[in-house]
Amino acid sequence: MTTDATSSLNRTRWLQLVFGVICMCMIANMQYGWTFFVNPMQEAHGWDRAAIQVAFSIFIVTETWLVPVEGWFVDKYGPRVVVLFGGILCGLAWVLNSYATTLTTLYIGAALGGIGAGAVYGTCVGNSLKWFPDRRGLAAGITAAGFGAGSALTVIPIQNMIKNQGYEAAFFYFGVGQGIVITVIALFLMAPKKEQIAAFAKNVVAKVAQSARDFSPKEMLSTPLFWVMYAMFVMMAAGGLMATAQLGPIAKDFGIADVPVSLIGITLPALTFAAAIDRVLNGLTRPFFGWVSDQIGRENTMFLAFAIEGVGIYALSVFGSNPVLFVILTGLVFFAWGEIYSLFPAMCGDAFGSRFATTNAGLLYTAKGTAALIVPFTSILTTATGSWHAVFISAAVLNIVAAVMALLVLKPLAAAHGRRSAQAAGAAKAVAAE
């Protein structure tokens with residue numbers, strides 16, 4: 001391939017990455033903006049908080065558990081039609097939420113939104129893994145950053161609209177706007193061809209081991225490596241999802257939600273400040289730790305980030321009633337949590353290859369849905385114990401255990417998997433040459 005052709009192809013893949021990031025930004029509010037709607041819905045309808053959070057769990061479950069199916073369509077038919085379908089459902093979901101007067105309707109909206117958001121999320125992450133075999137950590141991180149930080153700019157507008165026009169208006173107008181943007185961008189998405197992937201695969205960083213062959217989803221599911229990654233993903237996702245869904249209720253129960261906090265020359269209510277900073281840091285961590293993992297390896301990076309997360313959650317349980325520390329510590333928690341959405345997909349691509357990357361990463365992503373089933377129980381546990389302390393401690397312990405597993409279990413298992421795949425690939429080549 002000529003230098004000009006390579007340069008043009010490089011521009012194309014970065015443009016595809018930008019399209020993916022924009023789509024991710026448009027679905028970010030569906031998860032990270034949810035916390036602002038919980039208390040207003042409870043006040044408007046008298047619904048139990050735990051019952052409202054069931055909708056959040058439904059959203060996460062449908063967003064994640066159907067991604068493998070959506071990924072199969074992407075691997076077979078390309079990203080365009082799947083993201084177009086997802087964008088329509090995302091817009092429809094929040095419009096339905098705006099009219100919901102029963103929990104049943106709210107749950108239906110959550111399911112539609114989850115299916116749509118999962119179609120967009122899984123497609124964009126999978127596409128980035130395919131276009132960037134040489135920089136999977138960074139590419140997956142940048143793409144996931146759109147989802148992590150995409151709602152940062154809308155934190156204040158959503159809160160203002162809820163306050164001035166009601167939560168129903170916020171659901172309706174943001175839902176329509178986000179849906180339109182996704183459907184337009186979807187028209188420009190495309191997957192790389194096999195020869196285009198090969199042009200960049202030769203530049204793979206030596207510090208990150210790559211599979212010698214492509215594993216089908218069925219083959220991947222039969223490996224111990226996948227299930228260890230899955231268990232660690234669930235352990236890490238649980239604490240972060242709890243913080244995402246319950247940030248508003250936690251701040252309210254701590255009695256600091258509306259307390260003014262002044263940091264970096266800005267003064268905002270503690271909850272608003274925390275939500276804005278959390279989303280920025282939750283976005284920045286994904287390309288940052290993705291890049292770090294390209295340099296020092298996925299498992300080493302996991303140990304570092306997971307350990308920080310565990311310490312951060314514990315500190316939040318102890319010092320979170322201080323409004324300034326609440327803002328700072330929730331920022332730390334989100335910074336050390338968001339990287340799982342770049343590290344795990346990147347490692348999945350490394351270990352199981354590019355051909356089925358979207359489907360395989362989607363299967364691993366279902367771990368987030370499994371973790372989401374825990375979220376409603378955090379409200380129940382808090383009610384039973386009278387505080388958030390037990391929830392925080394449980395989440396901190398899970399994070400520390402996952403950090404230790406990254407070095408003592410995952411790292412040697414990944415190395416053994418790599419040796420086996422290399423031997424199998426070598427044997428297959430020898431047979432073909434005979």
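**Group meeting: a surface patch and two helices**

V311 lies in helix α14. This is a predicted model, so please take what follows as computed from it. V311 is exposed, with a relative accessible area of 54%; the cut-off for that label is over 50%.

V311 also belongs to a nonpolar surface patch of about 650 Å². The other members are F303, L304, I400, V404, L407, L408 and V409. Which helices each supply at least two residues of the patch? They are α14, residues 298–319, and α19, residues 389–433. With five residues, α19 gives the most.

Next, helix α7, residues 136–149. Its 14 residues should span 20 Å at 1.5 Å a residue, and the C-alpha atoms at its ends are 19 Å apart, so the two values agree. There is a kink in α7 all the same, about 25°, centred on T143.

Is α7 largely enclosed or largely open? Twelve of its 14 residues are buried, so the rest of the structure largely encloses this helix. T143 is one of the buried residues. On the N-terminal side of T143, the buried set includes R136, G137, L138, A139, A140 and G141. Past T143 come A144, A145, G146, F147 and G148.

Last, T366, which sits in helix α17, residues 357–372. Its relative accessibility is 10%, and the limit for buried is under 20%, so T366 counts as buried. What is T366 in contact with, once neighbours within four places in sequence are left aside? The list is T64, W65, P68 and Y230.

Conventions. Residues numbered from 1 in each chain as written. Predicted model: local features only at pLDDT ≥ 70, side-chain atom pairs only at ≥ 80, totals over all residues. Heavy atoms only, no water. Patch = residues over 30% accessible without salt bridge, like charges linked within 9 Å, V, L, I, M, F, W, Y side chains within 5 Å. Areas by Shrake-Rupley, 256 points an atom, 1.4 Å probe, with all protein chains shown as cover. Salt bridge = Lys/Arg side-chain N within 4 Å of Asp/Glu carboxyl O. Helix = DSSP H or I, 4+ residues; strand = E, 2+ residues; numbered from the N terminus. Buried < 20%, exposed > 50% of the residue type's maximum accessible area, 1.4 Å probe, protein only. Expected span 1.5 Å × (residues − 1). Bend = angle between axes of the 7 residues up to and from the residue. Contact = heavy atoms within 4.5 Å.
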